[in-house]
Amino acid sequence: MTSIGTGYDLSVSTYSPDGRVFQVEYAQKAVDNSGTAIGLRVKGGVVLAVEKIKHSRLLVPHSNRRIMTAGKYIGVASAGWMSDTRHLVKRVRDEARSYNDVYKTKIPASIIAERLGMYVQAYTLYSSVRPFGVSTLLACMDRNGPQLYMVEPSGQYVGYRGCAVGKGKQVAKTEIEKLNFDNMSVREAVKEAARIIYTAHDDTKDKLFELELSWVCEESNGLHEHVPQDLYDEAVQYAERSLDEDEDEDNEMEDDEDL
Amino acid sequence: MSSLLSHEIGYSAPIEVHNHGFSPYVNNEGTSLGICGEDFVLVASDTRQSNGGYSINARRSPKAFELSNRTVIATTGCAADAKQLVEDMEQRAQYYVHKHGREMSTPAMAQVLSQLLYTRRFFPYYVFPIFAGLDAKGKGAVYNYDAIGNIECVSHYAYGSAAALLQPFLDNQINKAHQRGADTTAKPSRAQAVKLAIDAFTSATERDIYTGDWLEIFIVDSEGVHKLTRELKHD
Amino acid sequence: MDPIELRLPHTLQRPQATSNHEPITHSTEPIVTGTSVVAFKYKDGIMMAADCLGSYGRMAMFRNERRLMAVGKTTLLGMSGDISDYQHMQHTLENIMTQEYDMDDGQRLGTKSIYKCISKIMYNRRSKMNPLWNSYVIAGVDSGEKVLGYVDLIGTTYESPTIATGYGSHMAQPILRKVVEGREDEITEEEAVKIIEDCMRVLYYRDARAFNKLTRAKVTAQGVEITEPYSLETNWDFAESIVGYGA
């Protein structure tokens, strides 16, 4: 680390001479250590997928969810510290609720992203606090159609067609960039999301993981929910088959080299 | 500041009472009684709930409840307050079990009930409870309260719309009031107590429009709480 | 020239308490109101009805009020009393249901839980001397059991096979007690519709705050179904035979 010993990384209220706030960058590191989370925004909806790394076989299936719901229709997927995530999800829920209390209208994606962004950003200003070790994906349908945002520890929030965070983000991003968002149904997007998580998963580092898949789309009546079980199974099958095919191709190539 | 001063000089501005139009209370009527025996207690209530006027809200809306394995409570007055009070009692009983690993004793619970009522001294629960249970020696104990927690341990008691009918009847039958030469120390047997309760209520339904429909009798003895139900007049 | 005096409902005219000698007052009367709700148990579940009138005092002001609603998928709620308080309650319930959905724990609020929840809200508000000026009828089929309960602005609760609020407690309840009581598990849906329409017709004839346009609903193990507003056939011939009060 370049800054060890310089003293510029001890507080978010101090910049380094080259204009960086190291604590925020360290928070980003916490995010990078987490299992991959991706979001895909296609024409009819948004899909969220998370590679939930399991530390133990003893964990109850589906426990410690990393995709949560706020105000029925906002999907929140995260990478980073789960305890921080829960805090932020509570914030998203409170904001969604207070907006609804005032306007009796569901909060638009851009507004919820802005409000969460402002909140997260406030934790990069004071020496008494530490920034959140979480990047949050927000998915919902509003009057402008499907929306996907990501809020980072710095408080920066950006809208995306597709995005990825966590350990496998490089691999995932490469895969996402190959997708044809305009001609893809939500159901296809679910399968691709599963495939990308499986591709990004590194079997040598983390043996156990659970795939979490959720969507917000017309089929779910605009609500955020886990994808139906049959679609989940189909997506997993598709993902596993794609991995096998890749492996076969690799083997073939190796064979060719042998020749 | 002005309020402080006016208080000290013993003068306060006349309180302007708006026509508020809202009374937080309603008397839902009905009758409850408690009878203490040597090794048992009995409480009984009818289940009719009235609206404070001539309407019957419900024929079967119980106002007597089992609180623990050895205590029961019978209420009259405002049903909404009674419900809140009984739920508070249940919660206090449950907390006590979690904290102490055993059930609260009957006298302790009687005191808790008094305290709960008194905490609302200036916005009282409009409830007149009869609380009954077995004490540490297995003897029966019946307590009655006023709405703000005044407590009394008695041999028998009646509260509610037919209280004025039942109380003298029980005084006569249980304390042998006005019976020359009768043994005034004898306590009723269990069978006698049940019979008295049923007779008292069937008679009350003849004269009191607010008492009727069903009678629920709770008997507490060393085995626990037993419940009997009898039909009363529905008119 | 004198400025035009705009007369507001009494509640809004009251001055706020200016010192601690004056009691702080809250709602003292309902403003826009809905009249009776009628409900009873029948074979498959519970039948309920309420008319579509929102009265402003004696004025028939709004003719398209919906006073029956579903809370979640399996609970039916009917309201009489102040309509703005009802809208506040609707909003509160919506927030509660959202909270439950977000919880994502596979649990669903049953009718009994929703009944308890509404009862607590009502009792808490009355204990603050700031009541929601409503009577609510809550109905549903909770784990195979028919539930039909009532709660009012004081927090009074009761469950009964037949319930009618407001004027209905005088005019519809006797009909229901006669026809329904003891037959809760026999009455078919067809008969139930006839009974409830008879009740609503009687109320329309005699309750000056009632209206012949109404919504009807049933709740069964399959869920809640609420009709669109429709009008009852009425026949005023009997009015000819009414004598007294100058008639």
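Two strands pair if DSSP finds at least two bridges between them, and strands here (E, at least two residues) are, like helices (H or I, at least four residues), DSSP runs numbered from the N terminus. With that in hand, A:Val76 has A:Leu138 in β5(A) as its bridge partner. This pair belongs to a longer match, in which strand β4 (residues 74-80) of chain A and strand β5 (residues 134-142) of chain A run antiparallel and are joined by 6 bridges.

A word on the ground rules: this is a predicted model, in which local features need pLDDT of at least 70 and side-chain atom pairs count only at pLDDT 80 or more, while totals for chains, interfaces and linings use all residues. Residues are numbered from 1 along each chain as its sequence is written, and chains are lettered from A and ligands numbered from 1 in the order in which they are written.

**Chain A as a whole**

Chain A holds 6 helices and 10 strands. Its C-alpha atoms fill a box of roughly 60 × 50 × 40 Å along the principal axes. A compact globule of 259 residues would have a radius of gyration near 18 Å, and the 19 Å of chain A agrees with that; the radius is taken over C-alpha atoms, and the globule rule is 2.2 Å times the number of residues to the power 0.38.

Two further values can be set beside those of chain C, which has 6 helices and 14 strands. A residue counts as buried if 20 or more other C-beta atoms lie within 10 Å of its own, as exposed if 12 or fewer do, and as partly exposed in between, with C-beta atoms placed from the backbone. Two residues are in contact if their C-beta atoms, placed from the backbone in the same way, lie within 7 Å.

| Item | Chain A | Chain C |
|---|---|---|
| Buried residues | 44% of 259 residues | 44% of 247 residues |
| Contacts joining residues at least 24 apart, among those at least 6 apart in sequence | 68% | 65% |

**The sheet with β4 and β5**

The strands β4 and β5 sit in an open sheet of 5 strands, ordered β3-β4-β5-β6-β7 (chain A), with antiparallel pairing. At its edges are β3 (67-70) and β7 (157-159) of chain A, each of which pairs on one side only. Neighbouring strands of this sheet are turned by 25° against each other on average, direction ignored. Axes are lines fitted to C-alpha atoms, for helices over the stretch in contact, and angles run from 0 to 180 degrees between N-to-C directions. Helix α3 (residues 109-122) of chain A packs on this sheet, where it touches β4, β5, β6 (145-151) and β7 of chain A, and its direction makes about 10° with that of β6(A).

**The sheet with β8 and β1**

Another open sheet of 5 strands in chain A has the order β8-β1-β2-β9-β10, and its pairing is antiparallel. Here β8 (162-165) and β10 (224-226) of chain A are the edge strands, each pairing on one side only. The average turn between neighbouring strands of this sheet is 15°, direction ignored.

Strand β1 (residues 37-42) of chain A and β8(A) pair in the antiparallel sense over 4 bridges. A:Gly39 stands opposite A:Cys163 in β8(A). Helix α4 (residues 169-178) of chain A packs on the sheet and touches β1 and β8 of chain A, with its direction at about 165° to that of β8(A). Helix α5 (residues 186-200) of chain A packs there too, touching β1, β2 (45-53) and β9 (209-217) of chain A, and its direction makes about 25° with that of β2(A).

Although β8(A) is an edge strand, both of its faces are covered: A:Gly162 and A:Ala164 on one side, and A:Cys163 and A:Val165 on the other, are all buried. A:Gly162 is also the bridge partner of A:Leu40.

**A loop residue**

A:His55 is found in the loop between β2 and β3 of chain A. This residue is exposed because 9 other C-beta atoms lie within 10 Å. A:His55 and A:Asp206 are 151 residues apart in sequence, and their C-alpha atoms are 8.6 Å apart in space.

**Between the chains**

Of the 2 pairs of chains in contact, chains B and C share the most contacts. Between chain C and chain A, 5 residues of chain C are in contact with 8 residues of chain A. The side of chain C that touches chain A has 1 nonpolar, 2 polar and 2 charged residues; Ala, Val, Leu, Ile, Met, Phe, Trp, Tyr, Cys and Pro count as nonpolar, Asp, Glu, Lys and Arg as charged, and the others, Gly among them, as polar. No contact joins chain A and chain B, and their closest C-alpha atoms lie 28 Å apart.
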